[in-house]
Structures are given as C-alpha cells and as structure tokens.
Amino acid sequence: QLKVQKFDLVYESVVMQHIPPQEIIHRLQCISYMSPYFVSWTRSYNDYLRDFQNQKHGINMACLIESLDSFEMISCTLDKETAKSKMDETHYKVLYKSKNFIL
C-alpha cells in the first residue's frame, strides 16, 4: 500500500498560473488527498492555452479548480462568481477545503 504524505495546509503562491492545466489537475488531485486545506494565491487566468498573438487569455483558474470537484471554496478575496468570471491580471487568494482528505 502506498503511503501518502499528510500536511495541515498546502499553500501555493503565483505558481499554478504558469503550469499546464493537465499538470495542475494532476497536482491538485494529489493535494486533495494530502491536506485538508489548500490556499492558492493566483492570477485569474492560466498562461497555458493563452493566445498571446491575439491577446486572448487562457482558462480561468477558479473555474478549473472548481471543475475538479475535489475542493470547496471556503473564502476568497473576491466573491466566488467574480473570481470565476475574471480574465485579467487580477491576483487573488482563495482558501479551499478538500473533499477527498481522510485523516
């Protein structure tokens, strides 16, 4: 049986916005089993899948994390719907609670 490391909290600061979405999904799934809480300080969109030539943004980070159904947003420096709709340079912090963590 594989032993999973456990942490009280995982904090990421301006990292996931620079990682390909497929890698974010993998890492977040792992984190959801490792810690009851995850804090993210991120920009509203991810650089990958961004169309730099036409100045179109990538995918919204709050929507990406919510789509995994592994975390519940507990608090955010923006309201939830604003965080899910922003596609500008806004950075915000979110506290998530894992739905998969088991002590």
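Leu9 sits in the segment before strand β1, which covers residues 10–13. That is a handy place to start a tour of this structure, which is a predicted model. With a relative accessibility of 45%, Leu9 counts as partly exposed, because buried means under 20% and exposed over 50%. Leu9 also has company: together with Tyr11, Tyr37 and Trp41, it forms a nonpolar patch on the surface, and the four share about 390 Å² of accessible area.

**The sheet**

From Leu9 we can step into the sheet. Four strands make up an open sheet in the order β1-β2-β4-β3, and their pairing is mixed. Strands β1 and β3 (71–76) stand at the edges with a single partner strand each, so one side of each has no neighbour in the sheet. From one strand to the next, the twist averages 25°. As a general point, strands of a sheet pair through backbone hydrogen bonds, either parallel or antiparallel. Both kinds of pairing appear here, as the table shows for two pairs of strands.

| Strands | Direction | Bridges | Residues standing opposite |
|---|---|---|---|
| β1 and β2 | parallel | four | Ser13 and Trp41 |
| β3 and β4 | antiparallel | five | Glu72 and Lys97 |

Trp41, the residue in β2 that stands opposite Ser13, is also a member of the surface patch with Leu9. Strand β4, where Lys97 is found, spans residues 91–98.

**Strand β2 and Thr42**

How much of β2 is buried? Five of its seven residues are, so the strand is largely enclosed by the rest of the structure. Thr42 is found in this strand. Its relative accessible area is 2%, so Thr42 counts as buried. Leaving aside residues up to four places away in sequence, Thr42 touches Glu12, Gln17, Met61, Thr90, His91 and Tyr92.

**The helix and a loop**

Helix α1 takes in residues 21–34 and lies across β1, β2 (37–43), β3 and β4. The helix runs at about 85° to β3. Between β1 and α1 there is a loop, and Val15 lies in it. Is Val15 buried, exposed or partly exposed? Its relative accessible area is 41%, so Val15 is partly exposed. Val15 and Tyr48 are 33 residues apart in sequence, and their C-alpha atoms are 12 Å apart in space.

Methods
Residues are numbered from 1 along each chain as its sequence is written. This is a predicted model: local features need pLDDT of at least 70, side-chain atom pairs count only at pLDDT 80 or more; totals for chains, interfaces and linings use all residues. Side-chain values use heavy atoms; hydrogens and water are left out. Patches are made of residues with over 30% relative accessible area and no salt bridge: like charges are joined within 9 Å, nonpolar side chains (Val, Leu, Ile, Met, Phe, Trp, Tyr) within 5 Å. Accessible areas come from the Shrake-Rupley method with a 1.4 Å probe; for residues, only the protein chains shown count as cover. A salt bridge is a side-chain nitrogen of Lys or Arg within 4 Å of a carboxyl oxygen of Asp or Glu. Buried means under 20% relative accessible area, exposed over 50%, partly exposed in between (1.4 Å probe, protein chains only). Two strands pair if DSSP finds at least two bridges between them. Axes are lines fitted to C-alpha atoms, for helices over the stretch in contact, and angles run from 0 to 180 degrees between N-to-C directions. Contact means heavy atoms within 4.5 Å.
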